[in-house]
Amino acid sequence: MSSPAADNPAYGPFFGVMGAASAIIFSALGAAYGTAKSGTGIAAMSVMRPELIMKSIIPVVMAGIIAIYGLVVAVLIAGAMDQPSAGYTLYKGFIHLGAGLAVGFSGLAAGFAIGIVGDAGVRGTAQQPRLFVGMILILIFAEVLGLYGLIVAIYLYTKQ
(Lines give C-alpha, C1' and ligand atoms only; values in the text may rest on other atoms or scores of the structure.)
Protein backbone atom coordinates (compact mmCIF):
# COMPACT_ATOMS: atom_id res chain seq x y z
CA MET A 1 0.00 0.00 0.00
CA SER A 2 1.47 3.35 -1.02
CA SER A 3 1.32 6.40 1.18
CA PRO A 4 -0.48 9.64 0.19
CA ALA A 5 2.89 11.45 0.14
CA ALA A 6 4.17 8.99 -2.48
CA ASP A 7 1.06 9.42 -4.62
CA ASN A 8 1.19 13.22 -4.37
CA PRO A 9 4.87 14.21 -4.27
CA ALA A 10 5.86 17.78 -3.43
CA TYR A 11 7.31 18.32 -6.92
CA GLY A 12 4.06 17.35 -8.71
CA PRO A 13 2.76 20.92 -9.07
CA PHE A 14 6.05 21.94 -10.69
CA PHE A 15 5.00 20.13 -13.85
CA GLY A 16 1.59 21.81 -13.82
CA VAL A 17 3.16 25.24 -13.41
CA MET A 18 5.56 24.49 -16.26
CA GLY A 19 2.59 23.48 -18.41
CA ALA A 20 0.80 26.75 -17.71
CA ALA A 21 3.98 28.73 -18.34
CA SER A 22 4.74 26.82 -21.54
CA ALA A 23 1.24 27.43 -22.86
CA ILE A 24 1.41 31.20 -22.57
CA ILE A 25 5.13 31.67 -23.25
CA PHE A 26 5.38 29.70 -26.47
CA SER A 27 2.04 30.79 -27.89
CA ALA A 28 2.84 34.43 -27.08
CA LEU A 29 6.24 34.03 -28.76
CA GLY A 30 4.51 32.72 -31.87
CA ALA A 31 1.98 35.55 -31.80
CA ALA A 32 4.72 38.14 -31.32
CA TYR A 33 6.72 36.78 -34.23
CA GLY A 34 3.64 36.67 -36.44
CA THR A 35 2.74 40.22 -35.51
CA ALA A 36 6.25 41.56 -36.02
CA LYS A 37 6.86 39.79 -39.32
CA SER A 38 3.45 40.74 -40.73
CA GLY A 39 3.85 44.26 -39.41
CA THR A 40 7.07 44.78 -41.33
CA GLY A 41 5.30 43.63 -44.48
CA ILE A 42 2.44 46.03 -43.81
CA ALA A 43 4.86 48.92 -43.24
CA ALA A 44 6.71 48.18 -46.48
CA MET A 45 3.46 47.78 -48.42
CA SER A 46 1.90 50.96 -47.03
CA VAL A 47 4.56 53.09 -48.69
CA MET A 48 3.24 52.06 -52.11
CA ARG A 49 -0.46 51.52 -51.31
CA PRO A 50 -1.55 53.27 -48.08
CA GLU A 51 -5.23 52.61 -48.87
CA LEU A 52 -4.65 48.87 -48.25
CA ILE A 53 -3.44 49.22 -44.65
CA MET A 54 -6.72 48.25 -42.98
CA LYS A 55 -7.22 45.32 -45.34
CA SER A 56 -3.70 44.13 -44.54
CA ILE A 57 -4.22 44.03 -40.76
CA ILE A 58 -5.78 40.55 -41.00
CA PRO A 59 -2.50 38.62 -40.44
CA VAL A 60 -1.79 40.67 -37.30
CA VAL A 61 -5.25 39.89 -35.90
CA MET A 62 -4.83 36.19 -36.69
CA ALA A 63 -1.44 36.15 -34.95
CA GLY A 64 -3.01 37.70 -31.85
CA ILE A 65 -5.59 34.93 -31.70
CA ILE A 66 -2.77 32.42 -31.27
CA ALA A 67 -1.84 34.05 -27.95
CA ILE A 68 -5.46 33.77 -26.80
CA TYR A 69 -5.29 29.98 -27.28
CA GLY A 70 -2.30 29.81 -24.95
CA LEU A 71 -3.95 32.14 -22.46
CA VAL A 72 -7.07 29.97 -22.28
CA VAL A 73 -5.09 26.81 -21.56
CA ALA A 74 -2.79 28.56 -19.07
CA VAL A 75 -5.79 29.87 -17.14
CA LEU A 76 -7.43 26.44 -17.14
CA ILE A 77 -4.27 24.83 -15.81
CA ALA A 78 -3.69 27.56 -13.22
CA GLY A 79 -7.25 27.17 -12.02
CA ALA A 80 -6.75 23.45 -11.45
CA MET A 81 -3.48 23.88 -9.55
CA ASP A 82 -3.50 22.88 -5.91
CA GLN A 83 -1.27 21.73 -3.08
CA PRO A 84 -0.07 18.12 -3.23
CA SER A 85 -1.74 17.55 0.13
CA ALA A 86 -5.05 18.65 -1.42
CA GLY A 87 -4.87 15.92 -4.05
CA TYR A 88 -2.72 17.34 -6.86
CA THR A 89 -1.14 14.17 -8.18
CA LEU A 90 1.94 13.70 -10.32
CA TYR A 91 -0.37 12.41 -13.05
CA LYS A 92 -2.24 15.74 -13.09
CA GLY A 93 1.06 17.58 -13.28
CA PHE A 94 2.15 15.56 -16.30
CA ILE A 95 -1.23 16.03 -17.98
CA HIS A 96 -1.01 19.78 -17.45
CA LEU A 97 2.55 19.86 -18.78
CA GLY A 98 1.49 17.97 -21.88
CA ALA A 99 -1.49 20.26 -22.45
CA GLY A 100 0.65 23.36 -22.08
CA LEU A 101 3.33 22.08 -24.41
CA ALA A 102 0.76 21.03 -27.01
CA VAL A 103 -0.86 24.45 -27.28
CA GLY A 104 2.42 26.31 -26.79
CA PHE A 105 4.46 24.62 -29.49
CA SER A 106 1.60 24.50 -31.97
CA GLY A 107 1.03 28.21 -31.31
CA LEU A 108 4.71 28.89 -31.90
CA ALA A 109 4.60 27.05 -35.22
CA ALA A 110 1.35 28.74 -36.25
CA GLY A 111 2.76 32.15 -35.37
CA PHE A 112 5.82 31.53 -37.54
CA ALA A 113 3.62 30.43 -40.43
CA ILE A 114 1.28 33.40 -40.06
CA GLY A 115 4.19 35.81 -39.92
CA ILE A 116 5.89 34.51 -43.03
CA VAL A 117 2.68 34.20 -45.04
CA GLY A 118 1.38 37.54 -43.79
CA ASP A 119 4.59 39.35 -44.73
CA ALA A 120 4.78 37.91 -48.23
CA GLY A 121 1.01 38.05 -48.68
CA VAL A 122 0.50 41.74 -47.94
CA ARG A 123 3.48 42.70 -50.09
CA GLY A 124 2.14 40.57 -52.93
CA THR A 125 -1.40 41.89 -52.52
CA ALA A 126 -0.07 45.44 -52.87
CA GLN A 127 1.25 44.52 -56.32
CA GLN A 128 -1.54 42.15 -57.40
CA PRO A 129 -4.87 42.54 -55.52
CA ARG A 130 -6.12 39.15 -56.73
CA LEU A 131 -3.65 37.49 -54.34
CA PHE A 132 -5.74 38.62 -51.35
CA VAL A 133 -8.10 35.63 -51.28
CA GLY A 134 -5.21 33.18 -51.61
CA MET A 135 -3.38 34.89 -48.76
CA ILE A 136 -6.44 34.63 -46.54
CA LEU A 137 -6.84 30.92 -47.29
CA ILE A 138 -3.21 30.21 -46.48
CA LEU A 139 -3.49 32.24 -43.27
CA ILE A 140 -6.54 30.20 -42.26
CA PHE A 141 -4.61 26.97 -42.70
CA ALA A 142 -1.75 28.41 -40.63
CA GLU A 143 -4.18 29.49 -37.90
CA VAL A 144 -5.70 26.02 -37.78
CA LEU A 145 -2.33 24.65 -36.66
CA GLY A 146 -2.72 26.59 -33.43
CA LEU A 147 -6.33 25.48 -33.12
CA TYR A 148 -5.24 21.84 -33.36
CA GLY A 149 -2.94 22.42 -30.40
CA LEU A 150 -5.79 24.01 -28.44
CA ILE A 151 -8.05 21.02 -29.14
CA VAL A 152 -5.39 18.54 -28.01
CA ALA A 153 -4.65 20.62 -24.91
CA ILE A 154 -8.31 20.78 -23.89
CA TYR A 155 -8.71 17.07 -24.52
CA LEU A 156 -5.68 16.32 -22.35
CA TYR A 157 -6.91 18.71 -19.67
CA THR A 158 -10.20 16.85 -19.40
CA LYS A 159 -8.33 13.57 -18.75
CA GLN A 160 -7.65 14.55 -15.14
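Start by selecting K37 in this predicted model. K37 has a relative accessible area of 28%, so it counts as partly exposed. Now add D119: the two form a salt bridge, with the closest N and O atoms 3.6 Å apart. In sequence terms this is a long hop, since K37 sits in helix α2 and D119 in helix α4, 82 residues apart. D119 has just 11% relative accessibility, so it falls below the 20% cut-off and counts as buried.

Keep D119 on screen and bring in R123. Their side chains also meet in a salt bridge, at 2.7 Å from N to O. D119 and R123 are 4 residues apart in helix α4, which means about one helical turn separates them. R123, at a relative accessible area of 38%, is partly exposed. Show all three side chains together and you have one network: K37, D119 and R123 are joined by salt bridges that share partners.

How many salt bridges turn up in a search of the whole structure? The search finds 3. To see another one, select R49 and E51, whose side chains meet at 2.7 Å, N to O. R49 is partly exposed at 24% relative accessibility, while E51 is exposed at 54%.

Next, zoom out to the helices that carry K37 and D119. Color α2 (residues 12–48) and α4 (residues 90–127), and look along the pair. Their axes are 6 Å apart and the packing angle is about 5°. That angle makes α2 and α4 roughly parallel. Sort the residues of this contact by class and you get 22 nonpolar, 18 polar and 3 charged.

Then hide those two and show α3 (residues 58–80) with α5 (residues 131–157). Here the axes come within 10 Å and cross at roughly 5°. So α3 and α5 are roughly parallel to each other too. To light up the contact, pick residues on both sides: on α3, choose from a set including I58, M62, I66, Y69, V73 and I77, and on α5, from a set including F132, I136, I140, L147, L150 and Y157. Which classes of residue make up the contact of α3 with α5? It has 19 nonpolar, 1 polar and 1 charged residues. For a charged side chain in this contact, click on E143 of α5.

Now overlay the annotations. An unreviewed UniProt entry places "transmembrane region" at residues 12–36, 57–81, 93–119 and 131–157. Select 12–36 and check its ends: the C-alpha atoms there lie 37 Å apart, and the span is 100% helix and 0% strand. Move on to 93–119, which is likewise 100% helix and 0% strand, with end C-alpha atoms 38 Å apart. D119, from the salt-bridge network, is the end residue of the 93–119 span in that record.

Last stop: the domain annotation. UniProt, again in an unreviewed entry, lists "domain: V-ATPase proteolipid subunit C-like" at residues 18–77 and 97–156. Select residues 18–77 and draw a line between the end C-alpha atoms; they lie 10 Å apart, and the span is 85% helix and 0% strand. Do the same for 97–156, where the end C-alpha atoms are 10 Å apart and the chain is 95% helix and 0% strand.

Definitions and conventions. Residues are numbered from 1 along each chain as its sequence is written. This is a predicted model: local features need pLDDT of at least 70, side-chain atom pairs count only at pLDDT 80 or more; totals for chains, interfaces and linings use all residues. Side-chain values use heavy atoms; hydrogens and water are left out. Axes are lines fitted to C-alpha atoms, for helices over the stretch in contact, and angles run from 0 to 180 degrees between N-to-C directions. Angles under 35 degrees count as roughly parallel, over 145 as roughly antiparallel, 65 to 115 as roughly perpendicular and the rest as oblique. Ala, Val, Leu, Ile, Met, Phe, Trp, Tyr, Cys and Pro count as nonpolar, Asp, Glu, Lys and Arg as charged, and the others, Gly among them, as polar. UniProt positions are given in the numbering used here, feature names are shortened, and annotations may be inferred rather than shown by experiment. Contact means heavy atoms within 4.5 Å. A salt bridge is a side-chain nitrogen of Lys or Arg within 4 Å of a carboxyl oxygen of Asp or Glu. Buried means under 20% relative accessible area, exposed over 50%, partly exposed in between (1.4 Å probe, protein chains only).
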